[in-house]
Amino acid sequence: MSNSQAIGAAYLDQDIIDANYSLVNNITGQMGYTTGSPTTSGVSVTQATSKSTGVTLNAAAGQIVTNNAALAAGAEVAFVVTNSAVSALDIPVIALASGATTAGTYLLSIATVAAGSFTVVISNASAGSLSEALTLNFGIIHVAQL
């Protein structure tokens, strides 16, 4: 363990990149990126013209605000998130933060992942057309080489 530093009963790894910005709180159970991290600071983007319009957001976590264009009942739409923080092995996670008037009307998924991008799919699970701007939270689970 030539690159490690003894810190009592354990060792501190000197090779953890951005360790100052990783959050692991054993009291609250929180794990993720800290506020002010270069990977998350002020990261939000809004779609310009439709729910299929791609966005660019170069961070490991952030928010996407969709356009409020109509999405027909039972329809789905996909858009590409261009993101230099994503590798082909990473796992993007997405969640609806706000914007849906009725719970359960939208379904979100990740369709594809590639180096530098991932594709988000929004499905209208309701019986009517919806025209809401949605706020989506996302985070990237980084995976080392397999």
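This is a short working chat about the structure shown above.

Reader: What kind of model is this?
Author: It is a predicted model, where local features need pLDDT of at least 70, side-chain atom pairs count only at pLDDT 80 or more, and totals for chains, interfaces and linings use all residues. Residues are numbered from 1 along each chain as its sequence is written, and side-chain values use heavy atoms, with hydrogens and water left out.

Reader: How many helices and strands are in the protein?
Author: Zero helices and 12 strands. Both are DSSP runs numbered from the N terminus: helices are H or I with at least four residues, strands are E with at least two. Along the sequence the pattern reads β-β-β-β-β-β-β-β-β-β-β-β.

Reader: Which strands make up the sheet with strand 10 in it?
Author: The order is 6-8-11-10, an open sheet of four strands with mixed pairing. Strand 6 (55–56) and strand 10 (106–114) are the edge strands, each pairing on one side only. Two strands pair if DSSP finds at least two bridges between them.

Reader: How many bridges join strand 8 to strand 11?
Author: Seven, between residues 76–82 of strand 8 and residues 117–124 of strand 11. The two run antiparallel. Ala78 stands opposite Val121 of strand 11.

Reader: And strand 10 to strand 11, how many bridges?
Author: Eight, and these strands run antiparallel. Val113 has Phe118 in strand 11 as its bridge partner.

Reader: What about the hairpin there? Which residue takes a positive phi?
Author: Gly116, with phi near 90°. Two residues lie between strand 10 and strand 11 in that hairpin.

Reader: Switching sheets. What is the order in the one with strand 5?
Author: That open sheet of four strands runs 5-7-12-9, with mixed pairing. Its edge strands are strand 5 (44–46) and strand 9, and each pairs on one side only. From one strand to the next, the twist averages 25°. For such angles, axes are lines fitted to C-alpha atoms, for helices over the stretch in contact, and angles run from 0 to 180 degrees between N-to-C directions.

Reader: Strand 5 and strand 7: parallel or antiparallel?
Author: Parallel, over three bridges, with strand 7 covering residues 61–65. Val45 stands opposite Ile64 in strand 7.

Reader: Now strand 9. Is Ile94 buried or exposed?
Author: Buried, because its relative accessible area is 16%. Buried means under 20%, exposed over 50%, and partly exposed in between (1.4 Å probe, protein chains only). Ile94 is found in strand 9.

Reader: What does Ile94 touch?
Author: Leu108, Ile110, Val120, Leu136, Asn137 and Phe138, not counting residues up to four places away in sequence. Contact means heavy atoms within 4.5 Å.

Reader: How far is Ile94 from Gln63?
Author: They are 31 residues apart in sequence and 9.4 Å apart in space, C-alpha to C-alpha.

Reader: And Val93, buried or exposed?
Author: Val93 counts as partly exposed because its relative accessible area is 41%. Val93 is found in strand 9, residues 91–98.

Reader: Which residues form a nonpolar patch on the surface?
Author: Ile91, Val93 and Ile141, with about 240 Å² of accessible area together. Accessible areas come from the Shrake-Rupley method with a 1.4 Å probe; for residues, only the protein chains shown count as cover.

Reader: Last topic, the whole protein. How much is buried?
Author: Of its 146 residues, 30% count as buried. The accessible surface comes to about 8,500 Å², and 54% of that belongs to carbon and sulfur atoms.

Terms used
Patch = residues over 30% accessible without salt bridge, like charges linked within 9 Å, V, L, I, M, F, W, Y side chains within 5 Å. Salt bridge = Lys/Arg side-chain N within 4 Å of Asp/Glu carboxyl O.
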